[in-house]
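Q: Please give me a close look at one part of this structure, its interior, and spell out the cut-offs as you go.

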Amino acid sequence: MTGSWAWDLLIGIVVALLVTWAALIATLAVVRPRGGLLPEALRLLPDVLRLVRRLAADPDLPRGVRVRLALLLAYLAFPLDLVPDFIPVLGYADDAIIVTAVLRSVVRRAGLPAVRRHWPGTDDGFTALCRLTGMDKQSST
């Protein structure tokens, strides 16, 4: 392309990274909460972060669930995001979407009672969490 293998390699890496980033953004768009639940997910984010930490530390949960949660915490702590946080609304939306997708997986594997046991927020917040994860609250009682 350019005649220099170093520039060709650099251009190839940049293009590959951009394509990968676009694929990840498309995946986020597919797994995002439907029906206006994204603002609710953003509102619940502080309680959900405490929930994730508590679940990750629970030795009674399956190892795969705890590993998933630990990876989620590492992603959230990592300073670089798929969508930078300085972009209004969208910057935090990617975090909320990823948290929601992981929690859906955790609820399916560990069960809603385990999540309820560790929930640090209000009952209304837990009801919203159930809507976000696609689980109904009645299965927890």
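A: A residue is called buried when its relative accessible area is under 20%, exposed when it is over 50%, and partly exposed in between, using a 1.4 Å probe and protein chains only. Helices here are DSSP runs of H or I with at least four residues, strands are runs of E with at least two, and both are numbered from the N terminus. One caution before we go in: this is a predicted model, so local features need pLDDT of at least 70 and side-chain atom pairs count only at pLDDT 80 or more, while totals for chains, interfaces and linings use all residues. Residues are numbered from 1 along each chain as its sequence is written, and side-chain values use heavy atoms, with hydrogens and water left out.

Let's start with the frame. The protein chain has six helices and zero strands, so its pattern along the sequence reads α-α-α-α-α-α. Of its 141 residues, 34% are buried. Among contacts (heavy atoms within 4.5 Å) between residues at least 6 apart in sequence, 63% join residues at least 24 apart.

Now to the interior itself. A nonpolar core is a set of buried Ala, Val, Leu, Ile, Met, Phe, Trp, Tyr and Cys residues joined through side-chain atoms within 4.5 Å. The largest nonpolar core has 26 residues, and Val48, Val115 and Leu129 are the ones that touch the most other members. Helix 2, helix 3, helix 4 (90-110), helix 5 and helix 6 each give two or more residues to this core. In soluble globular proteins, nonpolar side chains tend to be buried together.

Val48 shows how the chain comes together here. Setting aside neighbours within four places in sequence, Val48 is in contact with Val99, Leu103, Trp119 and Leu129. Leu129 belongs to the buried set of helix 6 (residues 123-133), along with Gly125, Phe126, Ala128, Cys130, Leu132 and Thr133. Just after helix 6, Gly134 takes a positive phi of about 80°.

Thr133 also lets us follow the path to another helix. The C-alpha atoms of Thr133 and Leu112 are separated by 9.7 Å, though the two are 21 residues apart along the chain. Leu112 lies in helix 5 (residues 112-118) and counts as buried because its relative accessibility is 3%.

Helix 5 brings us to the charged pairs. A salt bridge means a side-chain nitrogen of Lys or Arg within 4 Å of a carboxyl oxygen of Asp or Glu, and the structure holds three of them. One joins the side chains of Arg117 and Asp58, at 3.3 Å from N to O. That pair links distant parts of the chain, 59 residues apart: Arg117 is in helix 5, and Asp58 is in the loop between helix 2 and helix 3 (63-77). The two ends sit in contrasting surroundings: Arg117 counts as exposed because its relative accessibility is 53%, whereas Asp58, at 7%, counts as buried.

Arg116 pairs with Asp123, the closest N and O atoms being 2.4 Å apart. Here Arg116 is partly exposed at 27%, and so is Asp123 at 44%.

In helix 2 (residues 37-56), which holds Arg50, the side chains of Asp47 and Arg50 meet in a salt bridge of 2.2 Å, N to O. Because Asp47 and Arg50 are three residues apart in helix 2, about one helical turn separates them. An α-helix has 3.6 residues a turn, so residues three or four places apart point the same way. Asp47 is buried at 19%, while Arg50 is partly exposed at 35%. Arg50 and His118 are 68 residues apart in sequence, yet their C-alpha atoms are 8.7 Å apart in space.

Finally, how far to trust the picture: pLDDT, the predictor's confidence in each residue from 0 to 100, has a mean of 78 over the protein chain, with 77% of residues reaching 70 or more. The residues to read with care are 137-141, where pLDDT stays under 50 and the model has ten contacts beyond four places in sequence.
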